[in-house]
Amino acid sequence: MNCGFQIIKTALLALLLLLLLACGGADERRQRHLQKANGLFENGHYSLALEEYKNASYIKPSDISVYYKLAQTHEKLNDFSSAIASYRHILALRPADHELRIRLGQLYLNNGNLLRASEQAEALLGKEAGSAEGLLIRSQVRSQQGRMQA
């Protein structure tokens with residue numbers, strides 16, 4: 001009886017090994033999801049692309065390029081709060097990203113979150129006092145605040 005158990009155990013381990021080899025490694029699976037997502041995105045199938053980008057992000061949450069694609073896809077779907085969340089995830093990993101702060105500032109402005117837009121403008125201006133983008137976002141915030149007060 002012990003010998004039969006060993007045979008079954010060995011067969012199950014062999015089957016498990018075959019399944020793991022057939023599925024590929026994590027990086028290979030992530031690459032497949034990204035390739036599929038990029039094709040779907042290029043063809044305008046944003047909802048389907050979003051699911052593939054999410055799958056890739058689950059495999060490697062520290063992959064900044066995936067979060068950029070997630071944010072861009074959310075923007076295409078007009079889901080700006082999710083786009084902002086993806087950009088904020090990147091910002092946590094790369095706080096000095098100038099272009100990212102510009103995009104966040106623009107999204108916050110477009111969504112009426114003047115406080116957050118102002119924070120991005122000040123962060124841009126803190127790095128470079130004459131930052132044209134920082135000055136533009138700041139002036140747009142002040143302009144919208146003036147309209148709200150009027």
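This passage describes the helices of a predicted model, two of their packings and three buried residues.

The model is predicted, and local features are reported at pLDDT of at least 70, side-chain atom pairs only at pLDDT 80 or more, while totals for chains, interfaces and linings use all residues. Residues are numbered from 1 along each chain as its sequence is written, and side-chain values use heavy atoms, with hydrogens and water left out.

To begin with the overall picture, the protein chain holds eight helices and zero strands, where helices (H or I, at least four residues) and strands (E, at least two) are DSSP runs numbered from the N terminus. Along the sequence this reads as α-α-α-α-α-α-α-α. Of the 150 residues in the protein chain, 31% are buried; buried means under 20% relative accessible area, exposed over 50% and partly exposed in between, with a 1.4 Å probe and protein chains only. Among contacts (heavy atoms within 4.5 Å) with a separation of 6 or more, 39% link residues 24 or more positions apart.

The packing of helix 2 (residues 26–42) against helix 3 comes next. Their axes lie 8 Å apart at an angle of about 160°; axes are lines fitted to C-alpha atoms, for helices over the stretch in contact, and angles run from 0 to 180 degrees between N-to-C directions. Helix 2 and helix 3 are therefore roughly antiparallel, on a scale where angles under 35 degrees count as roughly parallel, over 145 as roughly antiparallel, 65 to 115 as roughly perpendicular and the rest as oblique. Their crossing is left-handed, meaning that the near helix is turned anticlockwise from the far one by less than a right angle, whereas clockwise would be right-handed. Helix 2 contributes residues including Arg30, His33, Leu34 and Phe41 to the contact, and helix 3 contributes residues including Tyr46, Tyr53 and Ile59. By class, the contact of helix 2 with helix 3 has 11 nonpolar, three polar and four charged residues; Ala, Val, Leu, Ile, Met, Phe, Trp, Tyr, Cys and Pro count as nonpolar, Asp, Glu, Lys and Arg as charged, and the others, Gly among them, as polar.

Arg30 and Leu34 also appear in the surroundings of Asp63, which contacts both when neighbours within four places in sequence are left aside. Asp63 sits in the loop between helix 3 (46–59) and helix 4 (64–76) and is buried, at 10% relative accessible area. Its side chain makes a polar contact of 2.6 Å with that of Arg30; such a contact is a pair of N or O atoms within 3.5 Å and, within protein, one must be able to donate a hydrogen and the other to accept it, with residues adjacent in sequence counting only if both atoms are side-chain atoms.

A second pair is helix 5 (residues 80–93) and helix 6 (residues 98–110), packed at about 155° with axes 10 Å apart. That angle makes helix 5 roughly antiparallel to helix 6, and the crossing is left-handed. Ala83, Tyr87 and Leu91 are among the helix 5 residues that meet helix 6, where the partners include Arg101, Leu104 and Tyr108. This contact has 10 nonpolar, no polar and three charged residues.

Two further buried residues touch helix 5. His74, in helix 4, is buried at 7%; beyond four places in sequence, His74 touches Leu50, Asp79, Ser82, Ala83 and Ser86. Its C-alpha atom is 8.1 Å from that of Tyr46, 28 residues away along the chain. Gln120, in helix 7 (residues 114–127), is buried at 4% and, with the same sequence neighbours left out, touches Leu91, Arg101, Leu104, Gly105 and Tyr108.
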